[in-house]
Amino acid sequence: MFQGSMVALVTPMQLNGSIDHESLTRLVDWHIEAGTDAIVAVGTTGESATLDFDEHCDVIARVVEHVQGRLPVIAGTGANATREAIELTRCAREAGADACLLVTPYYNKPTQEGLYRHYRAVSEAVEIPQILYNVPGRTAVDLLPETVERLAEVPNIVGLKEALGSPERTRELVERVGGRLELYSGDDATALEFLLAGGQGVISVTANVAPGLMHEMCMLALAGDTDRAREINDRLDGLHHALFLEANPIPVKWATARLGLIPEGIRLPLTPLSEPFHTPVLDAMRRAGIALDS
């Protein structure tokens, strides 16, 4: 259904924290021109946790409206309450999103049976393609392969974003659900190996500042041109790590602002990138070949 480099889009904000809609539309156009294969709106990188319900739905609707079908739009609609996840997913469907990305319910640590029932409830309530999202480092809950395999039987669950970064987990997922679910990496640093192991793409933070290179790396990997894909990934490797020197999306919003694409606004409790990390992020951008003014 989707493949390649799917940017986990930042949500532009003014210094006072208000959403910058003008920058949002410019950013969308920039990604389309640069070769991004799909846009993920209001996921974790899009600060879903700091947007209220109406803002969340509004940003999704604005992105869909501005894209005008030029590339797929995947809406982040996960929540730690099943009822809220259903409402967000319903809102994304009404806006015209192509699919939804649902992070595992965070904070309340559901059982595997609870995760299964949560995803099943959302999928049965809203008829739109849905992608599971496992990121234990943020949610404190791990969606295990056997639960993913159960959910693969649900007709409108079409994929999984796996951010664990474990080769063993990737192999097990490919064995259990490869061919039934599309598998996307949620970890830029290990995305190439994920693709070579049988994945279809990456939902990427790095793509916010290097969309063309991420697209090219993914296409080469999917075509089996491993050597050239590795060459590009080697250029990006420092960036993959530098963009997580503080909690995502702090570094990537700062880096995107350095490109003049967005203002420097970010909402509390997130704070602007700490000064000691400015030089490492800039150095990683330069090593990747990203043009900076100074």
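**Exercise 1.** Find which residues Leu239 touches, not counting residues up to four places away in sequence, and then place Leu239 in its core.

*Solution.* Take contact as heavy atoms within 4.5 Å. Leu239 then touches Thr206, Val209 and Ala210, and also Ala284, Met285, Ala288 and Ile290. The model is predicted, with local features needing pLDDT of at least 70 and side-chain atom pairs counting only at pLDDT 80 or more, while totals for chains, interfaces and linings use all residues. Residues are numbered from 1 along each chain as its sequence is written, and side-chain values use heavy atoms, with hydrogens and water left out.

Next, the core. A nonpolar core is a set of buried Ala, Val, Leu, Ile, Met, Phe, Trp, Tyr and Cys residues joined through side-chain atoms within 4.5 Å. Buried means under 20% relative accessible area, exposed means over 50%, and partly exposed lies in between (1.4 Å probe, protein chains only). Leu239 and Val63 have the most contacts inside the largest nonpolar core, which has 87 residues. A second, separate core has 16 residues, among them Ala38, Val103, Ile131 and Ala163.

**Exercise 2.** Describe how helices H9 and H10 pack, giving the angle and the handedness of the crossing.

*Solution.* Helices (H or I, at least four residues) and strands (E, at least two) are DSSP runs, numbered from the N terminus. Axes are lines fitted to C-alpha atoms, for helices over the stretch in contact, and angles run from 0 to 180 degrees between N-to-C directions.

1. H9 covers residues 211-222 and H10 covers residues 226-242; their axes are 9 Å apart, at an angle of about 140°.
2. Angles under 35 degrees count as roughly parallel, over 145 as roughly antiparallel, 65 to 115 as roughly perpendicular, and the rest as oblique. H9 and H10 are therefore oblique to each other.
3. The crossing of H9 and H10 is left-handed, a term for a near helix turned anticlockwise from the far one by less than a right angle (clockwise would be right-handed).
4. On the H9 side, the residues in contact include Leu213, Met217 and Leu220; on the H10 side they include Ile232, Leu236 and His240.

**Exercise 3.** Trace the barrel, then determine how strand S4 is joined to S3 and which residues of S4 are buried.

*Solution.* Two strands pair if DSSP finds at least two bridges between them.

1. Eight strands form a closed barrel in the order S1-S2-S3-S4-S5-S6-S7-S8, with parallel pairing. The twist from one strand to the next averages 25°.
2. S3 and S4 run parallel and are joined by three bridges; Ile74 has Ala99 as its bridge partner in S4.
3. In a regular strand the side chains alternate between the two faces of the sheet. In S4, Ala99, Leu101 and Val103 are buried on one side, and Cys100 and Leu102 are buried on the other.

**Exercise 4.** Locate two cis peptide bonds and two residues with positive phi that are not glycine.

*Solution.* Most residues other than glycine have a negative phi, and most peptide bonds are trans.

1. Asn248 and Pro249 are joined by a cis bond with omega about 10°; Pro249 sits in the loop between H10 and H11.
2. The bond from Leu268 to Pro269 is also cis, with omega near 15°, and Pro269 is in the loop between H11 and H12.
3. Gln68 has a phi of about 55° and lies in the loop between H2 and S3. Gln68 counts as exposed because its relative accessibility is 62%.
4. Ala140 has a phi of about 65° and is in the loop between H5 and H6. Its relative accessible area is 49%, so Ala140 is partly exposed.
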